[in-house]
Amino acid sequence: MIIDCHGHYTTAPAALQKFRDEQVAGLKGGVDILSSAQPSISDDQIRDSLENAQLKLQRDRGTDLTIFSPRASAMAHHIGNETTSQRWTQACNDLIHRVCTLYPENFVGVCQLPQSPGVAPVNGAAELERCVEELGFIGCNLNPDPSGGHWTSPPLTDRHWYPLYEKMVELDVPAMVHVSSSCNPNFHATGAHYLNADTTAFMQFLTGDLFKDFPTLRFIIPHGGGAVPYHWGRYRGLAQDLKRPLLGDYLLKNVFFDTCVYHLPGIELLLKVIPVDNVIFGSEMVGAVRGIDPETGQYFDDTKRYIDALPLSEADRRKVFEGNARKVFPRLKR
């Protein structure tokens with residue numbers, strides 16, 4: 001089985017965005033639009049949104065199962081207040097559940113969390129538990145910067161986050177560290193903000209003692225880990241200078257990287273630097289980069305082609321495509 005750990009519902013029916021637009025418009029008048037105001041979305045509309053997009057690409061590219069979550073850039077936790085975020089999050093997660101119910105062989109859910117600037121992360125624990133226990137989801141996306149590019153939250157290693165981590169450990173689910181849209185014009189969302197966050201999260205883990213307190217907590221850093229693999233020597237050196245343990249002993253039992261890197265040399269570097277046990281296949285297809293690479297004639301986000309081109313042993317190839325995902329997402333077996 002080939003499991004894609006990084007998929008977003010970027011092609012959701014327009015009615016979902018209509019509800020969001022009404023939410024945002026309501027905020028200008030001091031009104032929080034009720035969840036009951038959501039437009040109806042039919043099963044056929046969901047099928048139409050997927051058949052010529054994610055499902056078609058699964059078939060064309062030869063992948064089997066996508067770990068699927070709401071569109072990351074649309075989480076936009078900086079918009080509105082805690083109530084706004086809760087209602088928007090539930091709408092998005094419920095739609096993912098319907099996708100997984102319609103296509104149980106193709107998709108399994110990962111939830112968005114109802115985060116807001118200045119709000120304790122533990123306030124999202126109830127939605128995480130609902131999605132895992134009632135909807136059958138197997139993980140969550142955790143935004144380290146709900147402010148949308150201003151970085152007003154404490155580092156991920158701060159006790160500010162601990163009560164949410166306790167719930168993750170209790171449920172035995174991982175989190176993908178994934179920011180959302182940027183409201184800071186200095187940071188292009190997918191070209192800068194995403195990769196900055198990936199790199200920042202790793203450095204926060206390096207300088208903290210989080211995994212002493214939570215030895216079974218697991219995180220996926222997406223987009224190949226941002227700058228981390230390219231500057232692995234820098235991080236090894238910083239860990240040494242800061243009197244931290246060796247990275248392999250300290251972080252790589254808990255931190256994993258996906259393969260959302262959109263050229264072959266980048267994937268080669270990732271697998272050369274990061275141990276194969278810590279690399280999980282992901283494509284984020286129909287995501288940040290949707291075009292065809294003129295140098296290859298293939299889609300940039302067809303990351304399976306890059307893995308196929310590597311001289312991996314069959315055992316290592318199976319780890320990247322399936323085994324590591326099953327290890328990090330143990331609820332997959334259910």
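Biologist: What makes Asp94 and Arg130 a salt bridge?

Modeller: The term requires a side-chain nitrogen of Lys or Arg within 4 Å of a carboxyl oxygen of Asp or Glu, and the closest N and O atoms of Asp94 and Arg130 are 3.0 Å apart, so the pair satisfies the definition. Asp94 belongs to helix α4 (residues 82–102) and Arg130 to helix α5, which means that the contact ties together parts that are 36 residues apart in sequence; helices here are DSSP runs of H or I with at least four residues, strands are runs of E with at least two, and both are numbered from the N terminus. This is a predicted model, in which local features need pLDDT of at least 70 and side-chain atom pairs count only at pLDDT 80 or more, while totals for chains, interfaces and linings use all residues. Residues are numbered from 1 along each chain as its sequence is written, and side-chain values use heavy atoms, with hydrogens and water left out.

Biologist: Why is Asp94 called partly exposed?

Modeller: Buried means under 20% relative accessible area, exposed means over 50%, and partly exposed is in between, with a 1.4 Å probe and protein chains only; Asp94 has 32% relative accessibility and therefore counts as partly exposed.

Biologist: What separates Lys167 from Glu170 in helix α6, and how do you know which of the two is buried and which is exposed?

Modeller: Lys167 and Glu170 are 3 residues apart in helix α6, which means about one helical turn between them, and their side chains meet in a salt bridge at 3.3 Å, N to O. An α-helix has 3.6 residues a turn, so residues three or four places apart point the same way. Even so, Lys167 has a relative accessible area of 15% and is therefore buried, whereas Glu170, with 53%, is exposed.

Biologist: What do Lys319 and Asp277 tie together, and how far apart are their closest N and O atoms?

Modeller: The closest N and O atoms of Lys319 and Asp277 are 2.8 Å apart, and the two residues form a salt bridge. Lys319 lies in helix α13 (residues 314–328) and Asp277 in the loop between α11 (264–273) and β8 (279–280), so the pair ties together parts that are 42 residues apart in sequence. Salt bridges that share partners also join Asp94, Glu127 and Arg130 into one network, and the structure holds 20 salt bridges.

Biologist: How many aromatic pairs does the structure hold, and why is the pair of Phe68 and Phe107 called tilted?

Modeller: The structure holds 15 aromatic pairs. Rings of Phe, Tyr and Trp (its six-membered ring) pair if their centres lie within 6.5 Å, with planes under 30 degrees apart counted as stacked, over 60 as edge-to-face and the rest as tilted. Phe68 and Phe107 have 4.6 Å centre to centre and 40° between the planes, and the pair is tilted. The pair links distant parts of the chain, with Phe68 in strand β2 (residues 65–70) and Phe107 in strand β3 (residues 107–109), 39 residues apart. Phe68 is at 0% relative accessibility and so counts as buried, and Phe107, at 2%, also counts as buried.

Biologist: What makes the pair of Tyr103 and Phe107 edge-to-face?

Modeller: The planes of Tyr103 and Phe107 stand at 80° to each other, with 6.3 Å centre to centre, and the pair is edge-to-face. Tyr103 has a relative accessible area of 11% and is therefore buried.
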